[in-house]
Amino acid sequence: MKVLVIGSGAREHAIAHALMRGGSVSEVTVAPGNPGMELDGIRTTQLNPSNHAALIDFVKNNGYDWVFVGPEVPLIEGIVDDFAAAGIKAFGPNKAAAQIEGSKDFAKQLMERHDIPTAKYQTFDDLERSTAYVREHGAPIVIKADGLAAGKGVIVATELEQAEEAVRECFGGTFGDAGNTVVIEEMLTGPECSLLAFTDGKTVRPMATSQDHKRALEGDLGPNTGGMGAYSPVPQIGQDVIDTAIETIVKPTVQAMADEGTPFTGILYAGLIATADGPKVIEFNARFGDPETEVVLPKLTSDLGAGINAILNDETPEFTWDEDNATLGVVLASDGYPTNVVKGAAIPEITVDDDSHVYYAGVARGEHGLVANSGRVLLV
């Protein structure tokens, strides 16, 4: 099989690497990819993920069997719908189903209608009412921009002033249109984990649990980032809690989406917190997480391409996992990340053994090799 992967980061590098490792996929191309992937024998093509027409032509003209969509933005923009209209199979939710990540209010209303455990909340579309709600409930409290905000639209406010400022930022345009509507939640406490699952819209096949590390600096210091590393599994959350989450959260969510006419096919990512009252949802994503993917997929012992191909053809997929070993990923980031990123630093050649791998993200070609071109450069 020939497969096109949409995306450019370490997540897509890990997906492409896993597809090649499985055996059923003979060729993987990543659009647009990055130069680091080419060191791994993965082809890239400089096509913009937002240019759906060009991607459709590329797939048809080059005989790709199907497409794997990595990032959330193309999914929410309806790239799977456009591929389907052109007769191309793509793995990922359509535009309607991708709302589960594209709108936090959509996700919260879905959970409320179907009794899926999550934090209590209210949604607001104006500054005055939301500020009054914050003052009434006090801190700690969580402020979320409703739409996509590049991972920056969630503020856990421990003080009332911080909460009021977060609301002002949302309605003041800090997060663009994503902040036109604001979801305000109670703050839940407990250990967190990411539980990802393959789904065909009817059945669920969970992956190993993982947890990412957000703080930029050692010792849990510095600002939150897109993720400075991750590990899998998450031993501080027992399998009984995970089993409960699968039965009370993941499966009911897939069923709810189907019942409401927006069946979800692809990767459903449940961000969970193990509270004293049981597991609850912090958020849903409509795709693989980053950096969770880079530590979860190396644990896959079956053929990723064969499993996805089975789902796309309404067949029963097989996914098996290494349950004996742990994986750890550490990010190499540019100076100044996540706020004032310094680009252009030369990237050293990294040598790893057979038990490790380097997944490249924000890199570009320099005069003498790869250079840093974004905040997160690579993950080992």
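The following exercises, each with a worked solution, concern a predicted model.

**Exercise 1. Strand β16 and its partners**

Task: Determine which strands pair with β16, and in what sense.

Solution.
Step 1. Consider β10 first. β10 and β16 are paired in the antiparallel sense, with 8 bridges. One point of reference is threonine 199, which stands opposite glycine 266 in β16.

Step 2. Turn to β17, which covers residues 278–285. β16 and β17 also run antiparallel, joined by 7 bridges. Here alanine 270 stands opposite phenylalanine 284 in β17.

Step 3. Examine the connection between β16 and β17. With 2 residues between them, these two strands form a hairpin.

Step 4. Add the surroundings of the strand. β16 is mostly covered, since 10 of its 10 residues are buried.

Result: β16 pairs with β10 and with β17, in each case antiparallel.

**Exercise 2. The environment of serine 194**

Task: Decide whether serine 194 is buried or exposed, and identify its contacts.

Solution.
Step 1. Locate the residue. Serine 194 belongs to strand β10, which spans residues 192–199.

Step 2. Apply the cut-off. A residue is buried if its relative accessible area is under 20%. Serine 194 has a relative accessibility of 4%, and therefore it counts as buried.

Step 3. List the contacts, leaving aside neighbours within four places in sequence. Serine 194 is in contact with Ala208, Thr209, Ser210, Tyr269, Ala270 and Glu292.

Step 4. Look for a polar contact of the side chain. The side chains of serine 194 and glutamate 292 make such a contact at 3.0 Å.

Result: serine 194 is buried, and its side chain makes a polar contact with that of glutamate 292.

**Exercise 3. Cavities in the structure**

Task: State how many cavities of 30 Å³ or more are found, and describe the lining of the largest and the second largest.

Solution.
Step 1. Recall the principle. Empty space is revealed by rolling a probe the size of a water molecule over the atoms.

Step 2. Count the cavities. Searching the whole structure gives 2 cavities of 30 Å³ or more.

Step 3. Describe the largest cavity. Its space amounts to about 60 Å³. Of the 14 residues that line the largest cavity, Phe68, Val69, Ile267, Arg287 and Phe288 lie nearest its centre. Two or more lining residues come from each of α1 (10–22), β4 (66–69) and β16 (266–275). By class, this lining consists of 9 nonpolar, 3 polar and 2 charged residues.

Step 4. Describe the second largest cavity. The volume of this cavity is about 40 Å³. Its lining is made up of Pro191, Cys193, Ile237, Val241, Ile242, Leu272, Ile273, Ala274 and Pro279. Two or more of these residues are given by each of α10 (239–259) and β16. The largest share, 3 residues, comes from β16.

Step 5. Classify the second lining. The second largest cavity is lined by 9 nonpolar residues, with no polar and no charged ones.

Result: the lining of the largest cavity includes 2 charged residues, whereas that of the second largest cavity has none. β16 contributes to the lining of the largest cavity and to that of the second largest.

**Exercise 4. Strand β15 and its partners**

Task: Identify which strands pair with β15 (residues 229–232).

Solution.
Step 1. Begin with β12, residues 211–212. This strand pairs with β15 in the antiparallel sense over 2 bridges, and glutamine 211 stands opposite tyrosine 231 in β15.

Step 2. Continue with β18, residues 327–333. β15 and β18 run antiparallel and are joined by 4 bridges. Alanine 230 stands opposite glycine 329 in β18.

Result: β15 pairs with β12 and with β18.

Note on methods: Residues are numbered from 1 along each chain as its sequence is written. This is a predicted model: local features need pLDDT of at least 70, side-chain atom pairs count only at pLDDT 80 or more; totals for chains, interfaces and linings use all residues. Side-chain values use heavy atoms; hydrogens and water are left out. Buried means under 20% relative accessible area, exposed over 50%, partly exposed in between (1.4 Å probe, protein chains only). A polar contact is a pair of N or O atoms within 3.5 Å; within protein, one must be able to donate a hydrogen and the other to accept it, and residues adjacent in sequence count only if both atoms are side-chain atoms. Contact means heavy atoms within 4.5 Å. On a 1 Å grid over the protein atoms alone, a cavity is a set of points where a 1.4 Å probe fits but cannot get out, and a pocket is an open set with protein on both sides within 12 Å along at least five of seven lines; lining residues have an atom within 4 Å of a point. Grid points are joined across faces, edges and corners, and a volume is the space filled by probe spheres set on the points. Ala, Val, Leu, Ile, Met, Phe, Trp, Tyr, Cys and Pro count as nonpolar, Asp, Glu, Lys and Arg as charged, and the others, Gly among them, as polar. Two strands pair if DSSP finds at least two bridges between them.
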